[in-house]
Amino acid sequence: QVQLVESGGGLVQAGGSLRLSCAASGRSLNGYTVGWFRQGPGKEREFVAFIRWSSSWTGSTSYADSVKGRFSVSRDNARNTVYLQMNSLKPEDTAVYYCAADPSAPSTFAQRYDTWGQGTQVTVSS
């Protein structure tokens, strides 16, 4: 099985940037969809972004409307790692961020993903 570990969270001022990492081990992410989700205090878990992993091309990506133009998901095949670059952060971005993986087709629904990391806390101050 694939195992996922998120890192890169922390406290940042509004308008600042942060890059989250989702490092996979156990197997290659080739052919997987890797999604990012977040859950803020008192909120439901929501979709942030996904990338469809491919060994031969860039792969497809998708973003929630709330983060389009600010967040960017990318991959590093050699490190078997997916990144979430977060720019222009807002207090409403405060949440625990999770990465998830599934060998099936891309999806924005959390229920579709089989494997999850433990999450990393992102706190954006005013």
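A salt bridge here means a side-chain nitrogen of Lys or Arg within 4 Å of a carboxyl oxygen of Asp or Glu. Arg79 and Asp76 fit that description, with their side chains meeting at 2.7 Å, N to O. Keep in mind that this is a predicted model. Here's a quick tour of its disulfide, its nonpolar core and its charged pairs, with a stop at Asp102.

**The disulfide**

- There's one disulfide in the structure, and the cysteines it joins are Cys22 and Cys99, with an S to S distance of 2.1 Å.
- The link between Cys22 and Cys99 is right-handed, with 75 degrees about the S-S bond.
- Cys22 sits in strand 3 (residues 18-25) and Cys99 in strand 9 (residues 95-102), so this bond ties together parts of the chain that are 77 residues apart in sequence.
- Buried or exposed, what is Cys22? Cys22 is buried, because its relative accessible area of 0% falls under the 20% cut-off.
- Cys99 counts as buried too, at 0% relative accessibility.

**The nonpolar core**

- In general, nonpolar side chains in soluble globular proteins tend to be buried together.
- In this model, the largest nonpolar core has 35 residues.
- Leu29, Trp36, Val82, Leu84, Met86 and Tyr97 are the residues with the most contacts inside that core.
- Plenty of strands chip in: strand 3, strand 4 (33-39), strand 5 (46-52), strand 7 (71-76), strand 8 (81-86), strand 9 and strand 11 (120-125) each supply at least two residues of this core.
- Tyr97 is worth clicking on: leaving aside neighbours within four places in sequence, its contacts include Leu20, Phe37, Val48, Phe71, Leu84, Met86 and Val122.
- The contact list of Tyr97 also takes in Glu6, Arg38, Gly119 and Thr120.

**Salt bridges**

- How many salt bridges are there by this rule? The count comes to six.
- Arg70 and Asp93 form one of them, with their side chains meeting at 2.7 Å, N to O.
- Arg70 lies in the loop between strand 6 (61-63) and strand 7, while Asp93 lies in the loop between strand 8 and strand 9, so the pair ties together parts 23 residues apart in sequence.
- Arg70 is buried, with a relative accessible area of 11%, and Asp93 counts as buried at 0% relative accessibility.
- Arg70 and Asp93 also belong to a network of salt bridges that links them with Arg38 and Glu46.
- Back to the pair from the opening: Arg79, the partner of Asp76, counts as exposed at 57% relative accessibility, because the cut-off for exposed is over 50%.

**Around Asp102**

- Asp102 lies in strand 9 and is buried, with a relative accessible area of 2%.
- Which residue forms a salt bridge with Asp102? Arg112 does, and the closest N and O atoms are 3.5 Å apart.
- That pair links distant parts of the chain, 10 residues apart, with Arg112 in the loop between strand 9 and strand 10 (115-116) and Asp102 in strand 9.
- Arg112 counts as partly exposed at 38% relative accessibility, whereas Asp102 is buried at 2%.
- Leaving aside neighbours within four places in sequence, Asp102 is in contact with Arg112 along with Tyr32, Thr33, Arg52, Tyr113 and Asp114.

How values were computed. Residues numbered from 1 in each chain as written. Predicted model: local features only at pLDDT ≥ 70, side-chain atom pairs only at ≥ 80, totals over all residues. Heavy atoms only, no water. Disulfide = S-S within 2.5 Å. Helix = DSSP H or I, 4+ residues; strand = E, 2+ residues; numbered from the N terminus. Buried < 20%, exposed > 50% of the residue type's maximum accessible area, 1.4 Å probe, protein only. Contact = heavy atoms within 4.5 Å. Core = buried A, V, L, I, M, F, W, Y, C linked by side-chain atoms within 4.5 Å.
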